[in-house]
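Visitor: Could you walk me through one part of this structure up close, the inside of it, and then show me what else is worth pointing at? Keep it casual, please.

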2 protein chains.
Amino acid sequence: MDSEKSKTTLNAALSNPRQDIAELDALEKKIFALRYSAEELSSFGPCLDPAKATEERGEALAILGEQMQALLVDPQVGALLDRLHENRAVLDETHRAQVKILRRDRAQLVDVPPEVQSNFVRLATEANDVWEKAKNADDWDLFAPYLDKLVAGQIDIAQYRDAEKDPYDVLLNDFEHGSNRAFYDSFFTKIKDTIVPLVADCAASKHQPSTKPLEGSFDVDRQWNLAKDIVAMQGVDRDAFWLGKTEHPYTAGPGIGFVMVASHVYEDDLLSNVYSMLHENGHALYEQGVNWDYRFTSLKGGTSMGMHESQSRFFENYVGHSEAFAEPLIQLMRKHFPGQLTRVTAFQLFSAANKVQPSLIRTEADELTYPLHILVRYEIEQALLAGEVKAADVPKLWAEKYHHYLGVTVPDNTHGALQDVHWSWGEFGYFPTYALGSAFGAQFKHAMIEDGMDFDGVCSSGDLAPIREWLGQRIWKWGRAKDSGELIASATGEPFDVGYFTSYLVEKFSRIYGLTR
Amino acid sequence: MDSEKSKTTLNAALSNPRQDIAELDALEKKIFALRYSAEELSSFGPCLDPAKATEERGEALAILGEQMQALLVDPQVGALLDRLHENRAVLDETHRAQVKILRRDRAQLVDVPPEVQSNFVRLATEANDVWEKAKNADDWDLFAPYLDKLVAGQIDIAQYRDAEKDPYDVLLNDFEHGSNRAFYDSFFTKIKDTIVPLVADCAASKHQPSTKPLEGSFDVDRQWNLAKDIVAMQGVDRDAFWLGKTEHPYTAGPGIGFVMVASHVYEDDLLSNVYSMLHENGHALYEQGVNWDYRFTSLKGGTSMGMHESQSRFFENYVGHSEAFAEPLIQLMRKHFPGQLTRVTAFQLFSAANKVQPSLIRTEADELTYPLHILVRYEIEQALLAGEVKAADVPKLWAEKYHHYLGVTVPDNTHGALQDVHWSWGEFGYFPTYALGSAFGAQFKHAMIEDGMDFDGVCSSGDLAPIREWLGQRIWKWGRAKDSGELIASATGEPFDVGYFTSYLVEKFSRIYGLTR
């Protein structure tokens with residue numbers, strides 16, 4: 001952006017704030033329409049589109065993305081945003097936040113030559129195809145050259161954006177504003193120092209929870225009816241909600257007044273969809289809870305990947321996997337499966353859902369071992385982006401780390417380094433936000449109790465309104481107007497502290513596994 | 001466009017056709033993405049969106065529309081299209097057709113000042129709201145001032161576009177390229193001269209078909225299963241198809257590979273959805289049948305409203321309401337309602353579906369009286385646009401014409417001039433295409449038989465492949481590349497002749513009603 005500076009200063013001198021604000025509003029509406037369309041196409045698509053729709057949908061999405069990029073990188077838009085930024089004293093709070101976010105979104109794009117950007121998108125599209133074949137064929141060598149190219153491409157892009165900065169730091173900051181390697185190194189050190197020995201202690205304990213009481217075959221239609229009741233119990237606004245069916249659950253929010261959750265149901269795994277729904281509905285509550293006045297602005301949606309994940313995991317884990325909530329939850333489940341679940345107690349549900357089981361697959365991990373799966377990915381991403389390892393080295397590293405942190409033996413790459421889609425999209429720096437989001441929640445729970453909330457009482461009542469109210473006022477309503485660091489500080493009265501998370505895990509799993517520490 | 005002429009000529013002299021074609025392709029992709037998005041938002045919306053989605057969807061659609069308009073009216077796009085038009089000799093057939101259609105689409109917008117256009121859109125949005133209230137309250141006076149303003153607004157717009165031309169001619173030509181008042185006057189004269197006495201003869205006949213055998217209560221889920229079987233029997237490509245539920249049936253085609261039909265089911269009216277499905281699937285077949293190479297171009301979709309309606313009505317009436325098709329149709333219906341329909345014969349279905357019953361409501365009209373409902377609207381639109389009558393005069397005119405043409409007494413405006421939504425959208429000149437489309441079909445049927453097709457044999461076999469093949473090669477695959485006049489001439493070997501339609505109606509209903517003429 002340096003080359004524009006002299007022009008910008010001139011423009012600022014000649015600016016007319018009222019006219020500039022009108023232009024800002026018009027720009028925001030155009031961005032809104034493109035985002036709304038892209039979000040609706042990409043969210044309905046996997047649930048509803050027939051097979052032959054895929055190519056046209058993909059092309060439409062690609063073009064909408066190019067249009068969005070063209071809007072933001074337009075030098076006139078840059079000048080407008082710079083003028084507004086220099087005149088920010090005369091802007092209201094909302095417009096000031098819009099300018100901050102738009103400048104940040106623009107900065108991610110503007111210094112990268114369009115052909116570099118579009119070559120990377122094309123590479124990632126091809127890499128994703130190859131990854132799918134490689135995963136099915138357990139063929140790391142097929143995917144490896146693409147992974148090397150994707151890493152090189154992201155390093156290239158990161159250097160266009162900020163040649164002074166470590167490339168992985170640039171990418172980490174994209175997904176979680178304000179984060180970098182130093183932050184995550186410290187975070188993950190505390191995570192592994194706590195969790196690795198705790199997992200070992202759980203494995204060695206004589207008290208082993210049983211999943212037996214919840215096993216069996218559960219009618220699929222009844223599971224969907226249960227899912228709808230979970231939506232209602234969580235307090236998702238059904239006038240702004242659509243529930244779809246898919247293979248991999250996800251949430252999408254084209255509008256504040258229109259959020260969709262897609263989930264799956266397995267006949268032989270009742271808990272899978274119960275906790276998927278609690279998780280996705282947490283995302284949905286965040287999207288719906290943003291200030292209604294932000295509808296047509298860039299302030300819509302969650303402020304970061306980590307904060308979004310903190311909201312989904314808050315409802316999945318801190319509420320959903322608590323002993324207190326097991327009571328209203330088993331009651332709801334019994335309503336739909338009276339024959340099968342009559343004799344299952346809340347404690348049995350709580351125990352079954354919290355069984356610690358080191359495993360190979362991230363998406364099937366329990367609450368305690370989950371962050372270790374993320375740790376493996378973080379360490380490998382870091383080494384790849386630093387040029388310390390190549391794609392060819394990854395399977396060996398992966399096996400070593402899974403053995404070291406989780407004590408499991410990786411039998412093949414399909415159940416190893418090929419299991420996740422993210423790298424094939426060219427996304428590096430995304431995984432760490434999954435663990436970070438889990439950790440944010442512990443601090444929120446602590447603060448709720450400090451604020452006088454009877455947290456267990458709220459969970460055991462099944463009426464989560466006080467939790468929604470607390471999160472709604474302190475997190476959701478701000479959308480992207482405040483960064484996660486600001487939100488955590490103002491919501492909890494202190495900066496982020498991973499200690500709340502590690503204490504929570506130690507306390508919870510020591511109790512379940514009868515550990516004395 | 002006159003003001004641009006000198007510049008255009010200069011540009012043409014400096015043009016580089018290869019560069020211009022690349023720009024054309026890029027323009028078409030942008031238009032494609034906006035159209036695809038708008039079509040998906042507006043088609044999924046009414047089926048799926050929760051209540052609170054409406055405002056954001058409306059805003060997104062409005063902005064997409066503005067973006068589309070801005071793309072087309074851009075003077076550089078005008079110059080590009082003019083250069084390509086002047087160099088059309090070097091273009092391939094597809095690009096030549098694209099330039100023709102884009103110039104036509106642009107001409108509809110470019111001479112109308114943007115504020116005139118957007119004021120009209122705003123007026124129509126408000127008028128549509130008022131119309132809904134007026135219809136529910138049977139309050140013509142509430143809607144009348146809006147109708148007068150809408151008529152004045154369309155006259156204004158038509159004069160910006162072509163001050164020399166009769167405004168109604170401008171509008172008629174929008175919906176059906178090449179049509180005007182003179183064409184429709186002649187068309188409707190023949191229609192009324194044939195149908196009005198024929199309806200009277202049917203009413204006077206001793207042979208009255210009975211709807212009794214098809215009356216009863218029919219399970220809604222079974223009706224939806226029947227609907228899916230009708231989709232299969234018609235040969236709609238289910239890999240490019242999505243079936244939704246709505247109040248007023250419609251078809252939408254975001255892509256050639258993605259067409260949706262939304263329909264309704266009434267427990268006490270089995271035939272309603274059967275014929276709605278046959279109708280909407282006809283639209284769907286047309287959308288799916290367009291040349292796959294036109295996917296990302298303005299040549300996608302049907303060539304005109306009349307031609308689209310001709311395809312839906314071909315399957316609804318010429319096939320669906322034929323005696324020959326009644327056999328496979330009743331067999332399919334019996335499969336889903338074995339108890340209720342076992343004793344109902346094909347002839348009873350054919351008779352019930354073809355009962356002539358002059359009525360007040362257009363959308364419930366039978367095949368024979370339907371064009372008379374359109375005639376009433378055509379005559380009133382014509383008078384309104386010519387300034388011969390005002391909105392206040394419409395209810396009286398409406399009642400007179402319904403009495404004159406259909407012999408029915410209009411009890412109120414809810415069942416009279418307030419029944420249709422179209423005028424409240426500011427659409428004048430659309431209605432006539434409904435009757436025209438019906439008439440096209442008779443000529444197609446005649447030509448199929450001339451070409452050696454055993455039309456009744458195809459219908460009675462239930463395998464409609466020969467009909468799909470005929471229409472697919474002669475009509476569908478051309479998309480918007482050829483106008484309806486060209487398509488009719490090349491498909492049937494002669495220009496459009498309403499005589500095929502009137503002969504068909506006389507023959508069919510004379511036989512059903514035992515008339516000797």
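**Inside the largest cavity**

Guide: Lining the largest cavity you'll find A:Trp131, A:Phe143, A:Trp398, A:Ala417, A:Leu418, A:Asp420, A:His422, A:Trp423 and A:Phe431. Keep in mind that this is a predicted model. Sorted by class, that lining comes out as seven nonpolar residues, one polar and one charged. The charged one is A:Asp420, because Asp counts as charged, and the polar one is A:His422, because His falls among the others in that scheme. As for room, the space in this cavity is about 50 Å³. The structure holds three cavities of 30 Å³ or more.

With that many rings around the cavity, let's turn to aromatic residues in general. A pair of aromatic rings is described by how far apart the centres are and by the angle between the planes. Over all chains, the count comes to 62 aromatic pairs. One to pull up on your screen is A:Phe315 with A:Trp476: the ring centres sit 6.4 Å apart and the planes meet at 35°, so this pair is tilted. To count as stacked, the planes would have to be under 30 degrees apart, and to count as edge-to-face, over 60. The two partners come from distant parts of the chain, 161 residues apart. A:Phe315 belongs to helix 12 (residues 305-319) of chain A, while A:Trp476 is in the loop between helix 20 (465-474) and helix 21 (484-492). Both partners are buried: A:Phe315 has a relative accessible area of 0%, and A:Trp476 has one of 5%. The cut-off for buried is under 20%.

There is also an aromatic cluster to click through, made up of A:Tyr168, A:Phe183, A:Tyr184, A:Phe187, A:Phe188, A:Tyr378, A:Phe440 and A:Phe496.

For a contrast with that buried pair, try A:Asp74, in the loop between helix 3 (54-73) and helix 4 (75-86) of chain A. A:Asp74 is partly exposed, with 30% relative accessibility. From its C-alpha to that of A:Leu385 is 30 Å in space, and the two are 311 residues apart in sequence.

Now zoom out to the two chains. A turn of 180° with a shift of 0.0 Å along the axis lays chain A on chain B, with an RMSD of 0.0 Å. That is how a two-fold axis relates two copies. In chain A, the C-alpha nearest that axis belongs to A:Ser37, at 2.9 Å. And 100% of the interface residues of chain A are interface residues in chain B too, so the copies meet through the same surface.

Methods:
Residues numbered from 1 in each chain as written. Chains lettered and ligands numbered in written order. Predicted model: local features only at pLDDT ≥ 70, side-chain atom pairs only at ≥ 80, totals over all residues. Heavy atoms only, no water. Least-squares fit on C-alpha atoms with pLDDT ≥ 70 in both. Contact = heavy atoms within 4.5 Å. 1 Å grid on protein atoms, 1.4 Å probe; cavity = no way out; pocket = protein on both sides within 12 Å on 5 of 7 lines; lining within 4 Å. Points joined across faces, edges and corners; volume = space filled by probe spheres on them. Phe/Tyr/Trp six-rings, centres within 6.5 Å; stacked < 30°, edge-to-face > 60°. Helix = DSSP H or I, 4+ residues; strand = E, 2+ residues; numbered from the N terminus. Buried < 20%, exposed > 50% of the residue type's maximum accessible area, 1.4 Å probe, protein only.
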